[in-house]
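Keep the sequence and the 3D view side by side. The walk below goes from one residue to the next.

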Amino acid sequence: MSTSTISVRTDSAVNGEAEELFAELGLNLSTAVNMFLRQSILERRIPFEVTTNVPTAETVASIEEGRRLLVDDRAETFESVEALRKALDV
């Protein structure tokens, strides 16, 4: 089987972290990239979900809490940022 060389530009930190991770898994970067390419071909897609602007679970929970507080007449309110800071002691 003949091989070809591909060149990929990536952030140095990303490269270092990826090499570290793959070493822990017993792989080198070249093998990991080949695994990705072969799996992509096998599945005829990117072998993981690619999404944009998906909030984290913590963000979703915060948004839901904010919505509940908006309609809760018992929720504490503040007249200014300064009053909020004072209540939070910050």
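Asp-89 sits in the segment after H4. This is a predicted model, and in it Asp-89 has a positive phi of about 60°, although it is not a glycine. Asp-89 is exposed, at 71% relative accessible area.

A second residue shows a positive phi. Asn-53 has a value of about 50° and is not a glycine either. Look for Asn-53 in the loop between H2 and H3. Asn-53 counts as exposed, with 80% relative accessibility.

How far can the backbone be trusted? The mean pLDDT of the chain is 94. Of its residues, 100% reach 70 or more. Confidence is highest in helix H2, residues 29–43, at a mean of 97. Confidence is lowest in helix H4, residues 81–88, at 94.

Stay with helix H4 for a moment. Leu-84 belongs to this helix. Leu-84 is partly exposed, with a relative accessible area of 33%. Arg-67 is 17 residues away from Leu-84 along the chain. The C-alpha atoms of Leu-84 and Arg-67 are 18 Å apart.

Now turn to the aromatic rings. How many aromatic pairs does a search of the whole structure find? The search finds 1. The ring centres of Phe-36 and Phe-48 are 6.0 Å apart, and their planes meet at 35°, so the pair is tilted. Tilted is the class for planes that are neither under 30 degrees apart nor over 60. Phe-36 lies in helix H2 and Phe-48 in the loop between H2 and H3, so the pair ties together parts that are 12 residues apart in sequence. That loop runs from H2 to helix H3, residues 57–71.

Are the two rings buried or exposed? Phe-36 is partly exposed at 34% relative accessibility. Phe-48 is partly exposed too, at 48%.

Both rings also belong to a nonpolar patch on the surface. Its other members are Ile-6, Val-8, Val-33, Leu-37, Ile-46 and Val-50. Together the patch residues have about 730 Å² of accessible area. Patch members need over 30% relative accessible area. Phe-36, at 34%, therefore passes that cut-off.

Phe-36 has another contact, this time through its backbone. The backbone oxygen of Phe-36 lies 2.9 Å from a polar atom of the Ser-40 side chain. Ser-40 is in helix H2. Ser-40 has a relative accessible area of 16% and is therefore buried, since the cut-off is under 20%.

Charged side chains come last. Side chains of opposite charge can pair when their charged atoms come close. How many salt bridges does a search of the whole structure find? The search finds 2.

One salt bridge joins Glu-43 and Arg-45, with the closest N and O atoms 2.9 Å apart. Glu-43 is partly exposed, at 31% relative accessible area. Arg-45 is also partly exposed, at 45%.

The other salt bridge joins Asp-72 and Arg-74. Here the closest N and O atoms are 3.4 Å apart. Asp-72 counts as partly exposed at 27% relative accessibility, whereas Arg-74 counts as exposed at 77%.

Definitions and conventions. Residues are numbered from 1 along each chain as its sequence is written. Side-chain values use heavy atoms; hydrogens and water are left out. pLDDT is the predictor's confidence in each residue, from 0 to 100. Helices (H or I, at least four residues) and strands (E, at least two) are DSSP runs, numbered from the N terminus. A salt bridge is a side-chain nitrogen of Lys or Arg within 4 Å of a carboxyl oxygen of Asp or Glu. Buried means under 20% relative accessible area, exposed over 50%, partly exposed in between (1.4 Å probe, protein chains only). Patches are made of residues with over 30% relative accessible area and no salt bridge: like charges are joined within 9 Å, nonpolar side chains (Val, Leu, Ile, Met, Phe, Trp, Tyr) within 5 Å. Accessible areas come from the Shrake-Rupley method with a 1.4 Å probe; for residues, only the protein chains shown count as cover. Rings of Phe, Tyr and Trp (its six-membered ring) pair if their centres lie within 6.5 Å; planes under 30 degrees apart count as stacked, over 60 as edge-to-face and the rest as tilted. A polar contact is a pair of N or O atoms within 3.5 Å; within protein, one must be able to donate a hydrogen and the other to accept it, and residues adjacent in sequence count only if both atoms are side-chain atoms.
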